[in-house]
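Colleague: I should like to go through the terms used to describe this structure and ask what stands behind each of them. Please set the values against the criteria as we proceed.

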Amino acid sequence: MPMNIPLWAQLINLLAAVLLLLAFAMLAQRRVLTLINLFAAQGFALACSTAIVAFATHQPHLYWSVGLTLVLKVLVLPWLLHRLIVRLDVKWDVEGLINIPTTMLLGIVLVVFAFNLALPISQLANTVTRATLGIAMASVMLAFLMMITRRKAIPQVIGFLAMENGLFFAATSATYGMPMVVELGIGLDVLVAMLILGVFFFQIREQFDSLDLQHLEKLKE
Amino acid sequence: MSATGFLSQLLQLAIALLLAPILVGWVNQCRAWLSNRSAPPLLQPYRMIRKLFNKDAVVAENASWLFRMTPYIVFAAMALAAAIVPSLATDLPFAQAADAIALVGLFALARVFAALAAMDIGTAFGSMGARREMFVGFLAEPALLMVLFTASLISGSTSLPTIVDTLAHREFAIYPSLAFAGVAFTMVSLAENARIPIDNPATHLELTMIHEAMLLEYSARHLALLEWASALKLFNYSCIGLALFVPFGIAEGSADWLAILGATPVLIVKLAGGGFALALIETLSAKLRIFRAPEFLGTAFLLAVLGMLVNLMLGS
């Protein structure tokens, strides 16, 4: 019962739940524009939880990663994605052909799997917020699922970015943060990956007149 | 059973019966304001009910006793539910008669009778409305049960007063699983109360109406009772939501008379806030096609299941 854990840990548990909720909302979302907004919201929840960990465990270097998350995942990447969808003119793109309820059922199965997987691991840990490890793993897997089940390029990239959110959350909440160098490296990785993928979008569309990645599965015309 | 308990039970029932039409009037007012129309007066539902009670009832020739009895059964079921849901105090003699699961059953009883009565006359609209109502109901019910189970897991009891006592009167704690349950409950109560993503309470357009289609054959006092019952249903769902997610201000088990009286304005403020939120959701969302309803309610069910899973994972 949560009576015996401090308030900040309860807040992190709550933010973990919000993160998982947003991961599910992204899985169920059809519109690209809303997907980007949900991604930004997830980044914001992540930044909040990191800030709480930084404040509660007195690790000033975590504030850097809070700033990095805020700037990169709440402002820069969503802004880049917004600009991309405006320029690619896919702002109101609705993805068809995926059965959302089935995807969500699969998501529930993944959550159960992740929770089961995380339970023995989190019992080994000695942090107060170790229970959130399962949720972090679940959100990583849900992002994976999103990448697998989506057909268009932009939702797949958002899935990739959301997966990074989940990993980051696992690192901060379950172990109170990675070393600064690792965090900076990952942050830069994501930014660069986003830029390169942005270029890819234009190339893919120029080749196939659509962002549907199934075209890439054909080896020759 | 204490005397205070008996009195608080009576007071709660009276307040539920009186406030339910006003809550509907308030939601309609908010909806009108949000869409820039001039609002009907707050007491409009009361005037409607009075007008209907003064009219002579017209009943179809081939109507059976089922048709005549249904308004009373539905109204009684909703009034009983209003006596069970702790909205003012948790020391309720009636609440021991039914826990959360029986409460869901009570709603189901009202729904089944309403659907049977709608089919009793044999008009096309009635049976269409009844079919759709059962369709929505059978999707919404498991989700509602899951929401209640999530709250029961926290308090270790399916009795609503015990749940409220656990959530409101023990040491303050954040329950992340209730975040999921809250979203799921909002979706379920929108569907159950014939609100906009699933049904439109203001429409009488034959292709879209669900709840109104079932009431088409009713007139006068029967219609008045059914309108009052649907207002009570909205009130009950609001009170369940308030009891589970914002239980603060409800008088504790052994509370005195003064505390119960003090809980009344708190309840009114909370209901006003909830009514405004409902109007906001209704204004901001568009009605779904009927075949999107399984997806909407399926999402609610999955979120409620997720709430239970998170509860088991985090232990809170």
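**Terms and their grounds**

Colleague: Why is B:Asn36 called exposed?

Modeller: The model is predicted. B:Asn36 has 6 other C-beta atoms within 10 Å, and a residue with 12 or fewer counts as exposed; B:Asn36 is therefore exposed. This residue is found in the loop between α1 (3–34) and α2 (44–53) of chain B.

Colleague: What makes the phi of B:Asn36 worth a remark?

Modeller: Phi of B:Asn36 is near 65°, a positive value in a residue other than glycine. Most residues other than glycine have a negative phi.

Colleague: What is the phi of B:Ala220, and where is B:Ala220 placed?

Modeller: B:Ala220 is not a glycine, yet has a positive phi of about 50°. Its place is in helix α9 (residues 220–245) of chain B.

Colleague: Why is B:Ala220 described as partly exposed?

Modeller: B:Ala220 has 16 other C-beta atoms within 10 Å. Exposed requires 12 or fewer and buried requires 20 or more, so B:Ala220 is partly exposed.

Colleague: How do you know that the radius of gyration of chain B agrees with a compact globule?

Modeller: For 316 residues, a compact globule would have a radius of gyration near 20 Å; chain B has 19 Å, and therefore agrees. Along its principal axes, the C-alpha trace of chain B spans about 60 × 45 × 40 Å. Of the 316 residues of chain B, 53% count as buried. Among the contacts in chain B with a separation of 6 or more, 81% are between residues 24 or more positions apart.

Colleague: Which secondary-structure elements does chain B have?

Modeller: Chain B has eleven helices and zero strands.

Colleague: What makes α5(B) roughly parallel to α11(B)?

Modeller: The axes of helix α5 (residues 124–155) of chain B and of α11(B) cross at roughly 15° and come within 9 Å. Angles under 35 degrees count as roughly parallel, and α5(B) is therefore roughly parallel to α11(B). The crossing of these two helices is left-handed. Residues that make the contact include B:Leu139, B:Met146 and B:Phe149 of α5(B), and B:Leu297, B:Phe301 and B:Met308 of α11(B). By class, the contact has 18 nonpolar, three polar and no charged residues.

Colleague: Why, then, is α1(A) called roughly antiparallel to α2(A)?

Modeller: Helix α1 (residues 7–28) of chain A packs with helix α2 (residues 32–57) of chain A at an angle of about 165°, their axes being 9 Å apart. An angle over 145 degrees counts as roughly antiparallel, so α1(A) is roughly antiparallel to α2(A). The crossing of α1(A) and α2(A) is left-handed. Among the residues making the contact are A:Trp8, A:Leu15 and A:Leu22 of α1(A), with A:Phe39, A:Gln42 and A:Ile52 of α2(A). The contact of α1(A) with α2(A) comprises 19 nonpolar, two polar and no charged residues.

Colleague: How many residues of each chain are in contact with the other chain, and which helices of chain B supply at least two residues each?

Modeller: In chain B, 20 residues are in contact with 24 residues of chain A. On the side of chain B that touches chain A, α7 (176–192) and α11 (293–314) each supply at least two residues. The largest share of this side, ten residues, comes from α11(B). By class, the side of chain B that touches chain A has 13 nonpolar, five polar and two charged residues.

Note on methods:
Residues numbered from 1 in each chain as written. Chains lettered and ligands numbered in written order. Predicted model: local features only at pLDDT ≥ 70, side-chain atom pairs only at ≥ 80, totals over all residues. Contact = placed C-beta atoms within 7 Å. Helix = DSSP H or I, 4+ residues; strand = E, 2+ residues; numbered from the N terminus. Nonpolar A, V, L, I, M, F, W, Y, C, P; charged D, E, K, R; others polar. Rg over C-alpha atoms; globule rule 2.2 N^0.38 Å. Axes fitted to C-alpha atoms, helices over the stretch in contact; angles between N-to-C directions. Parallel < 35°, antiparallel > 145°, perpendicular 65-115°, else oblique. Left-handed = near helix turned anticlockwise from the far one by under 90°.
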